[in-house]
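The following note is offered to a colleague who is meeting this structure for the first time. Its points move from the chain as a whole to individual residues.

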Amino acid sequence: MNVDQGRYAADGDRHPERHFPFTALDKATSFMGNRSSSRFLLHVLGLVLSAFGSLQAAEFRAAVVKVDITPETPQMLRGYSPRMSTKVHDRLYHRIIALDDGATSFVLISSDLCSLSPAFCDRVTGNLAKELGLPAENIWWSITHTHSSPYVGSPGVPRLFMPNRFQFQVDEAYTELVEKTLADGVRQARQKLAPARLGVGCGHAEANINRRARDANGQVRLGRNPSGPVDRRIGLVRLEKADGTLLALLANYAMHGTVLGGTCTVVSADGPGVVAEYVEEKAGATMLYLNGAAGNIAPFYSTRAEAEIQLLDRFQVLLGDPILEANRRLSATTAEVKLRTSRIIVETPKRPGLAWSDELKEYLRVADDGTETLLVPLRFLRINDDTVIWSAPMELFCEISNEIRDRSPFANTFYVGYTNGTFCYLPSEQEYLAGGYEPATTPFTASAAGHLSAAVNRHLQAIHAAP
């Protein structure tokens, strides 16, 4: 396994307007031989000290924007077999935060969508990053993974396994709406940046359950497995305005967006969206739902028929109230915030015999001997010395992220899945060999979990040790 350790805190993270023109100081030194030139030098040195003082005194700033992306026309819904929507149950949104510590700018988007192609995400966020003068890895586009939202963009990896789900023309007008509102929302958030404070906390909610049920013969099917691995920790980031009033919450919790089942034909943000709306109403501020390692994790009530749609509201209590409680307990925030971003590429063998698409060719390397290797980008955000958030474009099994968190040198380690696209599932080696739906729909081999864990563990150690 080869891992490309991406740079972090690089010059590209800095604002061009805050780069200091060292050439002025170089020119000034050539005048040191005479008195008038010395006065000029002192003036220049004063400008230097002023510039450095401004850098040192740079404020942490933040902003949040919420943009409605609910379709106005019937749409084919993604997540199960395609079905045409008949009505809107609850609305879909982009929720966007922008952060800036004076040296690094970072944007995080949480969208009420089901699945996005990595190539589509990289094109959209890459164009936006170029426009804004940001490194591409400083814009994260995460989705909540609701299974009751429209198809958006190109098919990506899922079509390799389920071509029957893509036998129709995706509504390009809705895809354009999603793209345009995302770009407009990011620009607006960057324009609204204002002095802010940040705090990190955690909570616990029993709103989810392992979904890999086993029968007496050991066969694995989608269902409920109360004894299976699960992650019930809530990761919470609180953003405040300078006066201490709540600006936004980021809640990280692992749970498939499958409260509603495949017979439902309503547009819905499902459990994650219902929880976000409930917390927003109670707290008076926007909440970004950041899904975790939910590859083998279902909501406690899962794949319910349309007649049981009222079960969505139970997640207000199961998960919404624990998030609000975690927020109440989070009392310490700070205006002294330092952000650092980084990226690595994990290289791991592609599943033998799986045909690949030209759309995804940038994520595949073929050696001279025909060996095929997948190139999977992972992203990291370090906040001060105690917190790291890492993301991957996949449906990771929770025991993998649990182990990484347990071994992390950071006091707070949060994993955000479904970010900048998805390569479908990445099971643990044990669960891969056990079979079932997820191992049948992954482009990886059984060794991929070990490759990813080793790469992430090594990178976390490296960025924790860095100044």
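1. Surface. The accessible surface of the protein chain comes to about 19300 Å². Carbon and sulfur atoms contribute 51% of that area. Please keep in mind that this is a predicted model.

2. Secondary structure and burial. The protein chain contains 11 helices and 24 strands. It has 467 residues, of which 58% count as buried.

3. Contacts along the sequence. Among contacts in the protein chain with a separation of 6 or more, 78% are made by residues 24 or more positions apart.

4. Cysteines. How many disulfides does the rule count? The count comes to 0. Two cysteines may be noted for their burial. C264 has a relative accessible area of 0%, and it is therefore buried, since the limit is under 20%. C424 also counts as buried, at 5% relative accessibility.

5. N384. This residue is not a glycine, yet its phi is positive, at about 55°. N384 is found in the loop between β20, residues 372-383, and β21, residues 387-391. Is N384 buried or partly exposed? Its relative accessibility is 21%, so N384 counts as partly exposed, because buried means under 20%.

6. N420. A positive phi of about 55° is also found at N420, again a residue that is not a glycine. Where does N420 lie? It is in the loop between β23 (412-416) and β24 (425-426). With 5% relative accessibility, N420 falls under the 20% limit and so counts as buried.

7. V230, position and exposure. The loop between β12 (220-225) and β13 (233-241) holds V230. The relative accessible area of V230 is 26%; this value lies between the limits of 20% and 50%, and V230 is therefore partly exposed.

8. V230, surroundings. Which residues does V230 touch, leaving aside those up to four places away in sequence? They are N208, I209, N210, I297, C398 and N402. A further pairing concerns V230 and A293, which are 63 residues apart in sequence. In space, the C-alpha atoms of V230 and A293 are 9.3 Å apart.

9. Points to retain. For the chain, the main figures are 11 helices and 24 strands, with 58% of the residues buried. For single residues, N384 and N420 each have a positive phi of about 55°; N384 is partly exposed, whereas N420 is buried. V230, in its loop between β12 and β13, touches residues including N208 and C398.

Technical notes:
Residues numbered from 1 in each chain as written. Predicted model: local features only at pLDDT ≥ 70, side-chain atom pairs only at ≥ 80, totals over all residues. Heavy atoms only, no water. Helix = DSSP H or I, 4+ residues; strand = E, 2+ residues; numbered from the N terminus. Buried < 20%, exposed > 50% of the residue type's maximum accessible area, 1.4 Å probe, protein only. Contact = heavy atoms within 4.5 Å. Areas by Shrake-Rupley, 256 points an atom, 1.4 Å probe, with all protein chains shown as cover. Disulfide = S-S within 2.5 Å.
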